[in-house]
Amino acid sequence: MKNQGKKPIVKDEDSELILKIKNGQTDLYETLLSRYETRIYNFGLRMCKDVSDAEDLVQETFINIFRYLKDFRMESKFKNWAYKIAASVCMKIKRKNKSPEKELSMDDILSGHNEKEVSSQIPAWVNQPAEALMNKEISLEIKKEIDNLPPNYRIVLVLRDMEGFSTKEVSEMLDLSESNVKVRLHRARIFVREGLKRYFND
Amino acid sequence: MTDNQQYSNHCIQMFEVYSRYLDGELDKNQKKEVEEHLETCNECKACFMTLKKTKELCTKMPRVKAPDNFTSKLHSTIKDILNCK
């Protein structure tokens with residue numbers, strides 16, 4: 001059969017622009033770069049502890065995007081393909097820096113956090129709207145907690161809760177099963193939650 | 001097994017699916033089970049609510065703009081790669 005194994009083309013808000021660039025209008029690269037530089041830059045900042053690593057990640061990601069754009073078959077959204085490249089660059093940097101890819105058990109997460117004591121009280125901060133709670137200090141606290149997560153958990157939390165991808169999309173980007181994504185996400189959220197509870201209790 | 005142990009085990013079982021509940025990834029029966037449990041267990045309700053707010057705060061993390069000197073360097077690197085004139 002002629003089209004056996006070939007996936008259909010996915011049309012999204014970038015398709016037209018991508019086709020033009022692939023067909024030789026390379027001067028349009030600025031438009032594509034401008035659409036994604038803030039997103040990928042923030043992904044880099046969230047994934048890396050220091051700004052220079054984040055900038056390396058962003059630069060390497062865009063170099064790869066434009067180097068391999070001609071081979072992009074448009075079988076997924078461009079955004080997902082771009083983040084898959086960013087995720088792969090990120091994990092390469094983490095391996096180079098010898099960041100441990102350890103597994104997080106619930107005991108690891110809750111040990112030393114006084115969290116084995118169960119409370120039946122809903123803390124006051126939970127009842128406040130997220131918009132009212134969010135400020136520079138809280139975002140630094142969340143950043144501190146995600147920095148302390150092993151990279152293989154951090155990347156799932158960042159892609160799901162901060163970059164807004166679905167479980168299926170993250171599983172495709174990271175070549176993980178959907179159930180693995182769900183387990184990692186849950187543990188990563190619990191880990192961050194412990195930090196927030198400590199922050200609000202202090 | 002005492003009633004208390006059974007109760008704890010059920011809480012742990014529920015605890016494992018709270019994120020999936022928040023993400024709308026449970027089927028109708030599982031969803032109902034979580035909701036009924038949260039109605040009757042104050043400890044789990046407190047635990048669930050803190051997790052829910054944590055997810056909400058993560059989704060609301062603000063984005064920052066990349067510094068101008070970084071973006072101009074990035075644009076020129078990509079321009080070189082593409083040999084644009």
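So, what elements does chain B run through from the N terminus on? Reading from that end, the elements go α-α-α-α-α. That makes 5 helices and 0 strands in chain B. Before I go on, please keep in mind that this is a predicted model. One more thing about chain B: of its 85 residues, 20% count as buried.

Okay, where do the two chains touch? Chain A puts 43 residues into the contact, and chain B puts in 33. On the chain A side, the elements that give two or more residues are helix 2, helix 3, helix 6 (130-133), helix 7 (136-148), helix 8 (151-162) and helix 10 (178-201). Helix 10 of chain A gives the largest share of that side, with 9 residues. If you sort the chain A side by class, you get 22 nonpolar, 10 polar and 11 charged residues.

Now let's zoom in on two of those helices, 2 and 3 of chain A. Helix 2 covers residues 29-47 and helix 3 covers residues 51-68. Their axes come within 9 Å and cross at roughly 145 degrees, and the crossing is right-handed. Who meets whom there? From helix 2 of chain A we have Y29(A), L33(A), I40(A), Y41(A), G44(A), L45(A) and M47(A), and they meet A54(A), E55(A), L57(A), V58(A), T61(A), F62(A) and F66(A) in helix 3 of chain A. By class, the residues of this contact are 11 nonpolar, 2 polar and 1 charged.

Next up is helix 7 of chain A. Let's start with a quick check of its length. It has 13 residues, and at 1.5 Å a residue they should span 18 Å; the end C-alpha atoms are indeed 18 Å apart, so the two agree.

Which residues of helix 7 are buried? In chain A they are I142(A), E145(A) and I146(A). Looking down the helix axis, these buried residues fall within an arc of 95 degrees, so they line one face of helix 7 of chain A. Here's the background for that: an α-helix has 3.6 residues a turn, so residues three or four places apart point the same way. On the other side of helix 7 of chain A, K136(A), E137(A) and L140(A) are exposed.

And what do the buried residues of helix 7 of chain A pack against? In chain A, they pack against helix 2, helix 8 and helix 10, and together with those comes helix 4 (42-59) of chain B.

While we're in helix 7 of chain A, find N148(A), which also sits there. N148(A) is partly exposed, because it has 13 other C-beta atoms within 10 Å. Its C-alpha atom is 9.2 Å from that of K49(A), although the two residues are 99 apart along the chain.

Last topic: a couple of backbone angles. Most residues other than glycine have a negative phi. M74(A) is not a glycine, yet it has a positive phi of about 60 degrees. You'll find M74(A) in the loop between helix 3 and helix 4 (78-96) of chain A. With 18 C-beta neighbours inside 10 Å, M74(A) counts as partly exposed.

D175(A) is another non-glycine residue with a positive phi, near 55 degrees. Its place is the loop between helix 9 (167-174) and helix 10 of chain A. Is D175(A) buried or exposed? It's exposed, because just 10 other C-beta atoms lie within 10 Å of D175(A).

That's my tour, thanks for listening!

Conventions:
Residues are numbered from 1 along each chain as its sequence is written. Chains are lettered from A and ligands numbered from 1 in the order in which they are written. This is a predicted model: local features need pLDDT of at least 70, side-chain atom pairs count only at pLDDT 80 or more; totals for chains, interfaces and linings use all residues. Axes are lines fitted to C-alpha atoms, for helices over the stretch in contact, and angles run from 0 to 180 degrees between N-to-C directions. Helices (H or I, at least four residues) and strands (E, at least two) are DSSP runs, numbered from the N terminus. A crossing is left-handed if the near helix is turned anticlockwise from the far one by less than a right angle, and right-handed if clockwise. Two residues are in contact if their C-beta atoms, placed from the backbone, lie within 7 Å. Ala, Val, Leu, Ile, Met, Phe, Trp, Tyr, Cys and Pro count as nonpolar, Asp, Glu, Lys and Arg as charged, and the others, Gly among them, as polar. The expected span of a helix is 1.5 Å times one less than its number of residues. A residue is buried if 20 or more other C-beta atoms lie within 10 Å of its own, exposed if 12 or fewer, and partly exposed in between; C-beta atoms are placed from the backbone. The arc is that of the directions from the helix axis to the C-beta atoms.
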